[in-house]
Amino acid sequence: MIRPVRPVGSDRIVEAELAKLPVMPIANLRMRYRELFRSDPPKAFGPDLLRRSIAQRIQERAYGGLSKDSSRLLRQMIKAARNKPNGKLELPRRIKAGSELVRTWQGTTYRVKVTADGFSFEGQTYASLSEIATKIAGTRWNGPRFFGLRTSKAPSDSEDEPSAE
């Protein structure tokens, strides 16, 4: 999510500056990079990456950068990628207030309503899905996993087995 903060006339100025980048010599690109980032460009950056980095920074300054939530999510993804270089990255799921989660457990169907304050189940509000899953199953469960919001780690998991998490 980009937060717009457009000063009047900035579009023309930004477009003019971006139009110069494709024909700018590499020495000038490196100089412009230093001006915008206040550091030397990485040695591995050729003209294409320099142009892209400079263009991104110019637009970010003119129109605003990523929201705090988006920046936090990117940092989490970078950290996960470093911890599992060849692994699959999963984005955290966000459930909107008003959504309803449905789970059938031992022949009975249970419904949980997502609220702004947590989760509503049988007339009570709970802070976490794990509290509700534990109440339903009678043993500790990872709530998001119980309600199908997170994948199983082991393929042998059956639907009625409690989580070891």
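Select β2 and β3 to begin: a hairpin links these two strands through two residues. The model you have open is predicted.

**The hairpins**

Keep β2 and β3 on screen. The strands run antiparallel, and three bridges join them. β3 covers residues 118-121. Pick T115 and look across to β3. Its bridge partner there is G118.

Now add β4, residues 124-126. β3 pairs with β4 too, again in the antiparallel sense and over three bridges. Select F119 and find the residue opposite. That is Y126, in β4.

Next, go to the turn between β3 and β4. This hairpin has two residues between its strands. Select E122 and read its backbone torsion: phi is positive, near 50 degrees.

**Positive phi elsewhere**

Why stop at such a value? Most residues other than glycine have a negative phi.

Move to Q106. Where does Q106 lie? It is in the loop between β1 (100-105) and β2 (108-115). Q106 is not a glycine, yet its phi is positive, about 50 degrees. Turn on the surface. Is Q106 buried or exposed? Its relative accessibility is 59%, so Q106 counts as exposed, the cut-off being over 50%.

Then jump to R38. This residue sits in the loop between α2 and α3 (47-63). R38 has a positive phi as well, near 55 degrees, and is not a glycine. Its relative accessible area is 76%, which makes R38 exposed.

**Along helix α2**

From R38, step back into α2, which spans residues 26-37. Select R32, a residue of this helix. Show its side chain together with that of E17. A polar contact of 2.3 Å joins the two side chains. Which residues does R32 touch, leaving out those up to four places away in sequence? They are E17, I54 and I58.

Stay in α2 and select Y33 and F37. Before looking at the rings, recall how such pairs are read. A pair of aromatic rings is described by the distance of the centres and the angle of the planes.

The structure holds eight aromatic pairs. Y33 and F37 form one of them, and this pair is stacked. The ring centres are 4.3 Å apart, with 20 degrees between the planes. Stacked calls for planes under 30 degrees apart.

Why are these two side by side along the helix? Y33 and F37 are four residues apart in α2, so about one helical turn separates them. Colour the pair by accessibility. Y33 is buried, at 8% relative accessibility. F37 is partly exposed, with a relative accessible area of 21%. The boundary for buried is under 20%, so F37 falls outside that class.

For another geometry, select F146 and F147. Their ring centres lie 5.1 Å apart and their planes stand at 80 degrees, so this pair is edge-to-face. The cut-off for that label is over 60 degrees.

**The aromatic cluster**

Keep F146 and F147 selected. Both are buried. Add W105 and W141 to the selection. Ring pairs link these two with F146 and F147 into a cluster.

One last stop: show the side chain of R103. What does its charged end sit over? It is the ring of F146, with the charged end 4.3 Å from the ring centre. F146 therefore gives you three things to display together: the edge-to-face pairing with F147, the place in the cluster, and the charged end of R103 over its ring.

Definitions and conventions: Residues are numbered from 1 along each chain as its sequence is written. This is a predicted model: local features need pLDDT of at least 70, side-chain atom pairs count only at pLDDT 80 or more; totals for chains, interfaces and linings use all residues. Side-chain values use heavy atoms; hydrogens and water are left out. A polar contact is a pair of N or O atoms within 3.5 Å; within protein, one must be able to donate a hydrogen and the other to accept it, and residues adjacent in sequence count only if both atoms are side-chain atoms. Contact means heavy atoms within 4.5 Å. Rings of Phe, Tyr and Trp (its six-membered ring) pair if their centres lie within 6.5 Å; planes under 30 degrees apart count as stacked, over 60 as edge-to-face and the rest as tilted. Buried means under 20% relative accessible area, exposed over 50%, partly exposed in between (1.4 Å probe, protein chains only). A charge sits over a ring if NZ of Lys or CZ of Arg is within 6 Å of the ring centre and within 35 degrees of the ring normal. Two strands pair if DSSP finds at least two bridges between them.
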